[in-house]
Structures are given as structure tokens and as C-alpha cells.
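Work through the exercises below with the sequence and the 3D view open. Each task is followed by a solution in steps.

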Amino acid sequence: MQDQSISQRLLIRGARPLADPRAYDLPPVADILIENGVIVAVEPNLEAADCTVIEAQDRLAVPGFVNAHYHSHDTLLKGAFEALPLDTWSILALPPAFPPRSAREIRVRTLIGAAECLLRGITTVQDMVRLHPYSPEHFDIVLAAYEEIGLRAVVAPHFNDLASANSAAFWDEELPANELWRLAPSVPTFAKGADIISLIRDAVVPRLKGQGLVRLALGPSAPERCSPALLKATAELSAEHDLPVFTHVAESRGKTLHARRKLAAHGHSHIRCLADCGLLGPKLTIAHAVWLEESEIASIAKAAANVVLNPQGNLKTRSGIAPFAAYRKAGVNVALGCDNCSCNDSQSMLQTMKSYAGLAAIEQPIGDTPSAADTLHAATTAGARALGFTDLGSLAPGMKADIALFRLDDIAFVPLNSAIRQLIFGDAAPALDKVIVDGRLVVDEGRLLTIDLAGLRDEAEGYAADLRAGLDTITGRVKPLFPAIERALERAHATDWHIPR
Ligand SMILES: [Zn+2]
């Protein structure tokens with residue numbers, strides 16, 4: 001492991017910072033002065049006395065990307081699946097299908113995912129981590145891994161109390177009841193009768209004191225997978241300790257139809273349910289939101305809740321294209337995320353931004369679509385806001401010093417017509433040079449400084465082989481249900497549906 005001392009004063013000299021939207025095409029050369037992890041000045045020719053200097057001539061300085069929806073639990077299953085429908089993928093890929101994992105594997109998988117984030121210019125990640133079975137010791141391992149590697153993270157334990165194998169539209173009619181055992185989890189996530197909110201409170205509240213690079217949040221799985229009592233208790237805990245809340249809403253057609261049926265007591269609406277339970281507000285971030293109605297989008301906007309779109313994962317799981325234009329028109333704070341490693345399969349905000357901008361154009365061939373600057377805003381400032389930060393996501397005095405430096409001599413930027421457009425629409429990943437998180441240099445010349453990635457790779461290969469063997473067993477068990485799942489999906493797609501996507 002390389003030693004990387006943390007400097008109190010750091011000067012990034014001679015970069016072109018993407019700081020002023022009016023100069024995003026060719027940002028003027030300036031220095032960035034950082035003190036104790038915070039940007040204090042962005043100006044030309046700053047005094048370098050008592051500073052550690054990073055020479056950054058011919059580098060584009062970009063606010064570090066905020067990956068606002070992610071799960072570290074399946075990072076070792078990257079590349080394990082073809083483009084499966086969400087309803088099929090979720091019974092094969094998610095932790096409940098697998099036997100419990102070791103503490104060591106949880107550390108390795110967290111670091112592997114975090115390493116990919118950093119090596120792609122992501123400086124903040126929201127991790128809605130599913131520990132199966134739930135374990136506060138494993139939760140601590142996840143938190144420690146982010147501290148160790150130096151990635152800013154907002155970690156939310158994932159929980160629900162209405163776990164049911166029968167979780168998509170028409171499964172109850174198409175899947176034979178005597179075959180449902182094939183979908184049963186390896187062990188329960190929480191012991192039968194467990195007081196889930198107390199367990200979550202005990203994990204989160206005592207750890208709030210030490211919050212620094214790693215912060216805490218709450219992760220109720222989805223409104224249809226949590227009882228109203230659990231959602232209300234979550235809202236109370238969030239209010240009591242000012243905790244962000246992350247949840248999943250209306251991702252695939254099959255899951256949305258199923259959820260709407262289950263949410264009859266809330267007008268068949270996920271959003272009404274969240275509002276009824278006291279969760280719909282600025283502290284709430286809703287992932288996906290592909291299949292919502294306009295009135296629901298208006299409610300999200302009115303409540304100043306946040307939406308995080310995951311276009312890459314939604315494409316690979318054949319879930320659909322979210323109504324980007326409707327969210328923009330309603331004024332919703334829209335962030336972007338990369339979602340699971342086994343349904344994307346990259347933690348690349350560059351790819352995600354390009355998909356977002358491109359898919360918005362497909363959704364709306366005529367009229368206003370997000371510009372390159374809008375897209376960068378979604379991947380930085382909007383993401384920061386969704387995660388509860390007001391001092392993150394831009395290169396300005398007072399903001400946290402989370403910065404990615406891209407080489408402008410990389411072919412992606414030659415010739416340089418527009419730095420912002422070549423960043424968003426080009427292929428800038430190979431141009432990533434340095435990454436600074438909280439004023440600390442964690443990636444230099446495209447290499448991680450904080451962990452021994454080569455050593456970690458050997459361990460990850462071992463665990464991945466074991467997971468692939470487990471996946472073979474799971475697939476063998478579930479396979480007899482595939483024809484019935486296919487029939488259910490066909491019915492979901494044939495259902496008369498007034499939401500155009
Ligand atoms: Zn998710």
C-alpha cells in the first residue's frame with residue numbers, strides 16, 4: 001500500500017476548472033486552493049506557500065461525480081448476466097438467493113465497487129446495501145471499507161418486512177403455489193418477529209457521531225415491500241436524526257403493476273403511500289420512478305422530494321425509459337445513479353450521463369432535452385442535494401474538495417471544441433488522471449493510491465468463482481419457473497396501461 005499523507009493545504013495549479021457555466025466550453029486556467037478538505041479559492045496565480053502542489057496544466061478539473069443510486073452487495077457479480085427482465089434478474093442476482101457471505105468477502109466486495117467508482121471519477125456514492133442475513137458487524141465492515149479507500153459514501157442499510165417471493169404482476173396466478181419454494185431465500189434476512197426498525201436504529205444512531213467521509217441514511221426497500229407501520233417508523237427515525245431516506249419506486253412494468261395492486265389502501269399509488277406514511281419530502285430520494293403518472297410526478301415536485309434515474313440499469317433489465325421530460329418540466333430534483341453492478345454492469349457516471357442525455361432525446365424527439373451542462377448538474381449538484389449535501393457538487397469556495405482531473409491531451413478532447421460536451425457526449429474515461437476526495441489525492445495517473453488493488457483482485461476472483469457456483473445452483477432451482485415468469489411478463493406487457501413509455 002502506498003503511503004498518502006493528507007495535506008492540510010493543497011494547491012491544484014494551472015487546471016481548467018469547470019466552475020462557471022458561461023465558460024464551460026473553454027474554462028479559463030485557474031488554481032484551486034484547498035484547506036482541510038474544503039475549496040477556499042478558484043483563481044489564477046494563487047500563492048503556493050505551505051501547500052502541497054498538484055501540477056494540473058492541460059487538465060480539465062471537474063466536480064467529482066455523485067453516484068446517487070448504488071448497491072455494493074453484488075459488485076462481484078459484474079458481467080454474470082445477459083440483459084434479463086428485472087423480474088427474472090432480481091430472483092437470481094440479489095443476496096437472499098445466496099448463502100450468507102463472510103465478513104472478509106463483504107469487505108472485498110465493498111472495496112471492489114468503491115475502487116471502480118473512484119477509477120471512473122465518482123467521488124460520492126450512495127450505497128443502499130443489503131446485508132443478508134442482516135448483521136451490524138457487517139455494516140461496520142462496509143463503513144470501514146469506504147473510510148479505508150477514501151470514497152465519500154452515504155450508506156443506508158436496506159430493509160423490508162413484507163419480503164415475499166411472489167413479487168411481480170401475475171406471479172400469484174401463473175406460478176404454481178407448490179413450486180414457490182424455489183424462490184425462497186437461503187435464510188431469512190431478519191429473524192422471524194424481529195423488531196426491524198429497532199435493529200436499524202441501533203445500527204445507525206450510535207454511528208452518527210463519527211460521521212465524516214462516510215454518512216448514514218435509511219433504506220426501506222420499496223413501499224410495497226414495507227408495511228405502513230415500518231414506513232411510518234422510518235419517517236420518524238429520519239425526522240428525529242435528520243437522516244436521508246432512499247427507496248425504490250416503479251422500476252419495471254411487472255413490479256409496478258404488482259405494487260399498485262398491493263397499495264390499494266393508498267389509492268394504488270406508491271407516492272400516495274409514501275406521503276401517507278410521512279416520507280414524501282426533501283429528505284426522500286426515489287430510485288427509478290420509470291412508471292409513474294403525471295399527478296404522482298407533480299406530488300414529488302410539490303414535496304421537493306428527489307428522484308434518481310438509472311438509465312443504464314433500466315435498459316439492461318428491460319424496465320423502460322423514465323419520463324425525463326416530465327420530471328424536468330415539473331421541476332423535480334433529478335439525480336443520476338449507476339445502480340447494481342450485475343445489471344449495469346459499470347459504475348460509470350460518464351456512461352450514465354451519455355445515456356441520460358441520449359435517451360431524453362429519444363423520449364422527446366422535438367423540444368427541450370437536457371444539455372450537457374444540465375446533465376453534469378444532474379450528476380453532481382443534484383446528486384449531492386439528493387444525498388443531503390448543500391456543500392458538494394461544484395468547484396467554488398466553501399464546497400467540499402471532491403475533484404476529478406481529466407487530461408485534455410487525450411484523444412477525447414482533441415480538438416477542443418467544447419470541454420463540457422466532449423466530457424458528456426464523448427468518451428472521456430481514458431482521460432481520467434487524478435481524483436481528489438475531501439482534499440486527499442486518492443487516484444493519480446489513473447491508479448488508486450489508497451489500497452492494493454492487485455492483491456484485492458486475487459481475493460475477488462476467489463469469491464467470484466464461489467458466487468458463480470452458487471448462481472449455477474440458484475439457476476437450476478429457479479429454472480422450472482421461467483416459462484411461468486415469461487407468461488406473467490407477457491400479461492404485464494399486454495395489460496392496458498395509460499402511461500405511455
Ligand atoms: Zn436499486
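**Exercise 1: Around histidine 158**

Task: Find the residues that histidine 158 touches, leaving out those up to four places away in sequence.

Solution. Histidine 158 touches Met128, Val129, Arg130, Gly219, Ser221 and His248, once residues up to four places away in sequence are set aside. The model is a predicted one. Next, place the residue: histidine 158 lies in strand E8, which covers residues 152–159. Last, check its exposure. Buried means under 20% relative accessible area. The relative accessibility of histidine 158 is 4%, so the residue counts as buried.

**Exercise 2: The zinc ion**

Task: Which protein atoms are the donors of the zinc ion, and where do histidine 71 and histidine 248 sit along the chain?

Solution. Step one is to list the donors: NE2 of His69, NE2 of His71 and NE2 of His248, at 2.0 to 2.2 Å from the zinc ion. Step two is their spacing along the chain, which reads H-x1-H-x176-H. Step three places the pair that links distant parts of the chain: histidine 71 is in the loop between strand E6 (65–70) and helix H1 (86–93), while histidine 248 is in strand E11 (residues 245–249), 177 residues apart. Step four is exposure. Histidine 71 has a relative accessible area of 3% and is therefore buried; histidine 248, with 10%, is buried as well.

**Exercise 3: Strand E11**

Task: Decide which way the residues of E11 point, and why the strand is described as largely enclosed.

Solution. Start with the directions. Val245, Thr247 and Val249 point one way from E11, and Phe246 and His248 point the other way. In general, side chains of a regular strand alternate between the two faces of the sheet. Then count the buried residues: 5 of the 5 residues of E11 are buried, so the rest of the structure largely encloses the strand.

**Exercise 4: The open sheet**

Task: Give the strand order of the open sheet of 4 strands, and find its edges.

Solution. The order is E11-E12-E13-E14, with parallel pairing. E11 and strand E14 (333–336) are at the edges; each has a single partner strand, so one side of each has no neighbour in the sheet. Neighbouring strands are turned by 30° against each other on average, direction ignored.

Now go through the pairings at both ends:

- E11 pairs with strand E12 (residues 284–288) in the parallel sense over 5 bridges, and valine 245 stands opposite leucine 284 in E12.
- Strand E13 (residues 306–309) and E14 run parallel and are joined by 4 bridges, where valine 307 has valine 334 in E14 as its bridge partner.

Finally, add the helix: H12 (residues 349–363) lies across E13 and E14, at about 130° to E14.

**Exercise 5: Cores and overall shape**

Task: Which residues of the largest nonpolar core touch the most other members, and how does the radius of gyration of the protein chain fit a compact globule?

Solution. In the core of 142 residues, the members with the most such contacts are Tyr146, Ile286, Tyr327, Leu376, Phe406 and Leu423. Helix H2 (residues 103–119) supplies the largest share of this core, 9 residues. A second, separate core has 16 residues, including Ile32 and Leu449. For the whole chain, 59% of the 501 residues are buried. A compact globule with 501 residues would have a radius of gyration near 23 Å; the protein chain has 22 Å, so the two agree.

Notes: Residues are numbered from 1 along each chain as its sequence is written. This is a predicted model: local features need pLDDT of at least 70, side-chain atom pairs count only at pLDDT 80 or more; totals for chains, interfaces and linings use all residues. Side-chain values use heavy atoms; hydrogens and water are left out. Donors are N, O and S atoms within 2.8 Å of the metal (3.2 Å for Na, K and Ca); water is not among the atoms, so sites may look incomplete. Helices (H or I, at least four residues) and strands (E, at least two) are DSSP runs, numbered from the N terminus. Buried means under 20% relative accessible area, exposed over 50%, partly exposed in between (1.4 Å probe, protein chains only). Two strands pair if DSSP finds at least two bridges between them. Contact means heavy atoms within 4.5 Å. Axes are lines fitted to C-alpha atoms, for helices over the stretch in contact, and angles run from 0 to 180 degrees between N-to-C directions. A nonpolar core is a set of buried Ala, Val, Leu, Ile, Met, Phe, Trp, Tyr and Cys residues joined through side-chain atoms within 4.5 Å. The radius of gyration is taken over C-alpha atoms; the globule rule is 2.2 Å times the number of residues to the power 0.38.
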